[in-house]
Amino acid sequence: MGRKLKCEANAPVRVGLIGAGGMAKYHVAGFRKAGAEIVAIADPDPAAAEEAAAAFDVTQVYETAEEMIARTKLDAVSVITPNKFHCPLVLLAIKAGKHVFCEKPPALNAREATLMARAAKKSRRVLMFDFNNRARPESMALKAAIAHGDAGRINSAQAVWIRRTGIPGFGGWFTTKAMSGGGPVIDLLHMTDLALHFMGYPEPKHVLAATFRDFINDRRFKGPWGIPDTAGGVCDVEAAAQGFVTFKNGSTLYLRSSWAEMNKREEVSVTFQGTTAGGMVRRFFGQDGIDATAEDTCEMYFQDASGARKDKTLSVAKDVDMGRVRAAENFVLTLQRKEKPLNTPDEAVKLMKIIDAIYASAKTGAPVRIR
Ligand SMILES: NC(=O)c1ccc[n+]([C@@H]2O[C@H](COP(=O)([O-])OP(=O)(O)OC[C@H]3O[C@@H](n4cnc5c(N)ncnc54)[C@H](O)[C@@H]3O)[C@@H](O)[C@H]2O)c1
């Protein structure tokens, strides 16, 4: 990687968790799988911190990240908080010399992501984000086939994460733009990232997009995850969006994301068209998440010299967690120099520039140029 990492190969990496919410369990499982030690947890909510400490068998609990970093010996931290805190906490940890694994989205916007990327580069710390969908067996198999040249040059892709009834609570941090940065465009940015990953993260040029707020205050469209509503809170984000991105190399990306809209079922997919093959990774969720009606597909589409179709199903292990454990494992294995990082801060900056441009275009109704 050309960087000197502080953690020696095979020495246990010591990690502290910042944020004890719903995603922490995947981080813990992935870090431990790679041999890391979970040393401490910081969360301003004492009940959440204590519950996580008991569940993960961690003895040191702190109210703030500052205190945890000052009082414990850590190689790395994991930032698992509402989006607004990603940038300040990542900057704090990097300044203290820690490597960082941060939940998605990288930040509220490209300006913050740029600050984070610059800080990591300057301090020679590893900064990775939880783009767990890149770590799914399906995505790994497709990326390997693309890297092998099987698809030729990818000239277009479509990224879709659409839900019918998926508003994550009314009035909490998810639906408050100042806390989250936005609705499904930023929350479900995984498929946009995955499409860009398959395409080799080309330089974006223009974005034209529209967002919709239908159903954002409609209780019939609440998601099933048990996230509580907050009395007096706001829902000032979009419920759905469509966008089109052009790239300097001539390729294009269509994207669609929603928490609430009149579609049949939840779909999570990337489809791409290359000069020698196309491909698709797709999950249709069932009525209750992963149930008997859920469907996973991972395929490539070829045509031989005679014109015959030679389509292929890529057979991979089932991963109901959508790469969440594997992505965290990759972070520790990167620190141990056993694997390459599955994503980089520069990619995060490019992704956030596209997200910013989606919101800017939706506001004016005009295409936005990305520089
Ligand atoms: N990769 C994925 O599949 C996935 C899925 C869900 C959520 N997420 C992301 O994970 C992050 C956390 O989401 P969640 O669902 O776990 O949220 P959550 O609301 O369940 O938990 C967040 C926790 O962070 C704590 N917190 C708030 N400010 C803090 C601070 N300054 N320092 C320490 N802790 C603080 C809160 O008290 C809470 O316990 C978000 O960025 C979200 O976008 C990712």
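# Briefing: Helix α2, the ligand shell and selected loop residues

On helix α2, the face turned away from the buried side carries the exposed residues Ala47, Glu51, Ala54 and Ala55. Here, exposed means over 50% relative accessible area, buried under 20% and partly exposed in between, with a 1.4 Å probe and protein chains only. The structure is a predicted model, in which local features need pLDDT of at least 70 and side-chain atom pairs count only at pLDDT 80 or more, while totals for chains, interfaces and linings use all residues. Residues are numbered from 1 along each chain as its sequence is written, and side-chain values use heavy atoms, with hydrogens and water left out.

**Helix α2**

- Helix α2 spans residues 46-56, and its buried residues are Ala49, Ala52, Ala53 and Phe56. These residues lie on the same side of α2, because they cover an arc of only 100 degrees around the axis (the arc is that of the directions from the helix axis to the C-beta atoms).
- Helices (H or I, at least four residues) and strands (E, at least two) are DSSP runs, numbered from the N terminus.
- The partners against which the buried residues of α2 pack are β1 (14-18), α1 (24-33), β2 (37-42) and β3 (60-62).
- At the N-terminal end, aspartate 45 acts as the cap of α2, with a side-chain oxygen 3.0 Å from the backbone nitrogen of alanine 47.
- Aspartate 57, just after α2, has a positive phi of about 60 degrees.

**Surroundings of the ligand**

- The ligand is surrounded by 25 residues, of which the closest are Asp43, Asn83, His86, Asn132 and Arg324; a residue is near the ligand if one of its heavy atoms lies within 4 Å of it.
- By class, this shell holds eleven nonpolar, eight polar and six charged residues.
- Glutamate 103 places a polar side-chain atom 3.1 Å from a nitrogen atom of the ligand.
- Two residues approach oxygen atoms of the ligand: lysine 104 with a backbone N or O atom at 3.0 Å, and tryptophan 173 with a polar side-chain atom at 3.1 Å.
- Of the 860 Å² of accessible area that the ligand has on its own, the protein covers 80% (areas come from the Shrake-Rupley method with a 1.4 Å probe).

**Asparagine 132 and methionine 322**

- Asparagine 132 lies in the loop between β6 (127-129) and α6 (137-147), and its relative accessibility of 2% is why it counts as buried.
- Methionine 322 belongs to the loop between β14 (312-313) and α10 (324-335); this residue is likewise buried, with a relative accessible area of 2%.
- The two residues meet where a polar atom of the asparagine 132 side chain lies 2.7 Å from the backbone oxygen of methionine 322.
- Beyond its neighbours within four places in sequence, asparagine 132 is in contact (heavy atoms within 4.5 Å) with His190, Asp321, Met322, Gly323, Arg324 and Ala327.
- Methionine 322 is a residue other than glycine with a positive phi, near 55 degrees.

**Other backbone features**

- Lysine 104 and proline 105 are joined by a cis peptide bond, with omega about -10 degrees.
- Proline 105 is placed in the loop between β5 (99-102) and α5 (110-123).
- Arginine 124, in the loop between α5 and β6, also has a positive phi near 55 degrees without being glycine.
- Arginine 124 is partly exposed, with a relative accessible area of 46%.

Conventions: Polar contact = N/O pair within 3.5 Å; in protein donor to acceptor, adjacent residues only side chain to side chain. Nonpolar A, V, L, I, M, F, W, Y, C, P; charged D, E, K, R; others polar.
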